[in-house]
Amino acid sequence: MAFREITPYELEGNLFKMIAKDWALITAEADGKANAMTISWGGFGQLWNELVAFTFVRPQRYTYGLTEASDVYSVSFYEEKYRKELGYFGSASGRDEDKFQKTGFHLAHEDGVPYPEEAKVVLLCQKLYAHTLTEEEFLCKEVMEKSYPERDFHKMYVGKILKVLVRE
Ligand SMILES: Cc1cc2nc3c(=O)[nH]c(=O)nc-3n(C[C@H](O)[C@H](O)[C@H](O)COP(=O)(O)O)c2cc1C
């Protein structure tokens with residue numbers, strides 16, 4: 001499976017739809033253990049003169065420990081035919097099972113950054129900044145109550161996009 005590198009500006013597709021409707025996987029690895037989980041919240045843009053991805057991971061996710069322990073991770077996008085697999089990556093936990101093995105997805109690496117080989121687009125990211133959301137800083141309490149009844153606030157990662165890979 002061959003991927004080719006493009007610049008972020010050459011990426012085709014609507015990133016609003018790609019994250020919110022099509023979903024993505026965040027993949028991280030630490031101590032030789034890799035895991036991926038589904039994400040549909042997040043964003044992409046420019047910050048500190050870098051092109052970046054914003055991802056949000058709740059502390060109870062197994063992926064959280066891996067993103068915390070690693071400097072790099074990937075955000076990857078898929079064709080519609082993998083919807084079922086993305087649903088599984090978003091409901092089962094890598095704490096209990098090997099989600100790659102269960103789905104038949106294959107772990108690949110580029111420059112030491114892990115990503116699933118079945119992806120159509122891969123963003124390789126390097127953590128620049130991380131911040132756990134706080135109750136006090138929510139300006140709209142309605143959003144806070146709705147999204148965090150358990151107060152399990154996401155950690156936001158701002159990741160510099162190191163490389164964009166697209167399937168040939
Ligand atoms: C469509 C969809 C979107 C999701 N988006 C997020 C997200 O942005 N952040 C998050 O922390 N969890 C999100 N989740 C939940 C995790 O993917 C889910 O809890 C997963 O099982 C965690 O796996 P892990 O324990 O192996 O890390 C989403 C789940 C689905 C199905």
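## Ser74 and its surroundings

Setting aside residues up to four places away in sequence, Ser74 is in contact with Leu25, Ile26, Thr27, Val113, Pro114, Tyr115, Val122, Leu123 and Leu124. All of this comes from a predicted model, so read the values below as computed from that model. Ser74 itself sits in strand E6, which covers residues 72-77.

How accessible is Ser74, in relative area? The value is 0%, so Ser74 counts as buried. Its side chain still has a polar partner on the backbone: a polar atom of the Ser74 side chain lies 2.7 Å from the backbone oxygen of Pro114. Pro114 is also one of the residues on the contact list of Ser74.

## The largest pocket

Now for the pockets. The largest one has a volume of about 410 Å³. It is lined by 24 residues, and the closest to its centre are Met37, Thr38, Ile39, Arg61 and Gly90.

Which elements each supply at least two residues of this lining? They are strand E3 (33-39), helix H2 (62-69) and helix H3 (83-89). E3 gives the most, with four residues. Split by class, the lining of the largest pocket has 11 polar, nine nonpolar and four charged residues.

## The second largest pocket

The runner-up has a volume of about 210 Å³. Its lining is made of 13 residues, and nearest its centre are Pro8, Leu11, Leu15, Phe44 and Ile161. Strands E4 (42-47), E5 (50-57) and E10 (155-167) are the elements that give two or more residues to this lining, and E4 gives the most, with three.

What does the lining of the second largest pocket look like by class? There are 10 nonpolar and three polar residues, and no charged ones. For the largest pocket, the charged count is four.

## Helix H2

H2 turned up above as a supplier of lining residues for the largest pocket. This helix also has buried residues, namely Tyr62, Thr63, Tyr64, Leu66 and Thr67. What covers them? The cover includes strand E2 (24-30), E3, E5, strand E9 (121-132) and E10. Among these, E3 is the element that gives the most to the lining of the largest pocket, while E5 and E10 are among the strands that help line the second largest pocket.

## Glu118, a buried acid in a loop

Glu118 is found in the loop between strand E8 (113-116) and E9. Is Glu118 buried or exposed? Its relative accessibility is 7%, so Glu118 counts as buried even though it belongs to a loop.

Leaving out residues up to four places away in sequence, Glu118 touches Tyr78, Tyr82, Gly104, Phe105, His106 and Arg167. With His106 there is a polar contact between the two side chains, at 2.8 Å. Phe105 is 13 residues from Glu118 in sequence, and their C-alpha atoms are 6.4 Å apart.

Pro149 makes a handy second reference point. It lies in the loop between helix H5 (141-147) and E10, and it is exposed, with a relative accessible area of 55%. Between Pro149 and Glu118 there are 35 Å in space, C-alpha to C-alpha, and 31 residues in sequence.

## Two loop residues with positive phi

Most residues other than glycine have a negative phi. Asp31 goes the other way: it is not a glycine, yet its phi is positive, at about 50°. Asp31 lies in the loop between E2 and E3 and counts as exposed because its relative accessibility is 84%.

Asp111 is another such case, with a positive phi of about 55° and again no glycine. Where is Asp111 found? Its place is the loop between strand E7 (107-110) and E8. Asp111 has a relative accessibility of 60%, so it counts as exposed too.

## Cysteines

How many disulfides does the model have? The count is zero, where a pair of cysteine sulfur atoms would have to lie within 2.5 Å to qualify. Cys125 is buried, at 0% relative accessibility. Cys140, at 36%, counts as partly exposed.

Terms used:
Residues numbered from 1 in each chain as written. Predicted model: local features only at pLDDT ≥ 70, side-chain atom pairs only at ≥ 80, totals over all residues. Heavy atoms only, no water. 1 Å grid on protein atoms, 1.4 Å probe; cavity = no way out; pocket = protein on both sides within 12 Å on 5 of 7 lines; lining within 4 Å. Points joined across faces, edges and corners; volume = space filled by probe spheres on them. Nonpolar A, V, L, I, M, F, W, Y, C, P; charged D, E, K, R; others polar. Buried < 20%, exposed > 50% of the residue type's maximum accessible area, 1.4 Å probe, protein only. Contact = heavy atoms within 4.5 Å. Polar contact = N/O pair within 3.5 Å; in protein donor to acceptor, adjacent residues only side chain to side chain.
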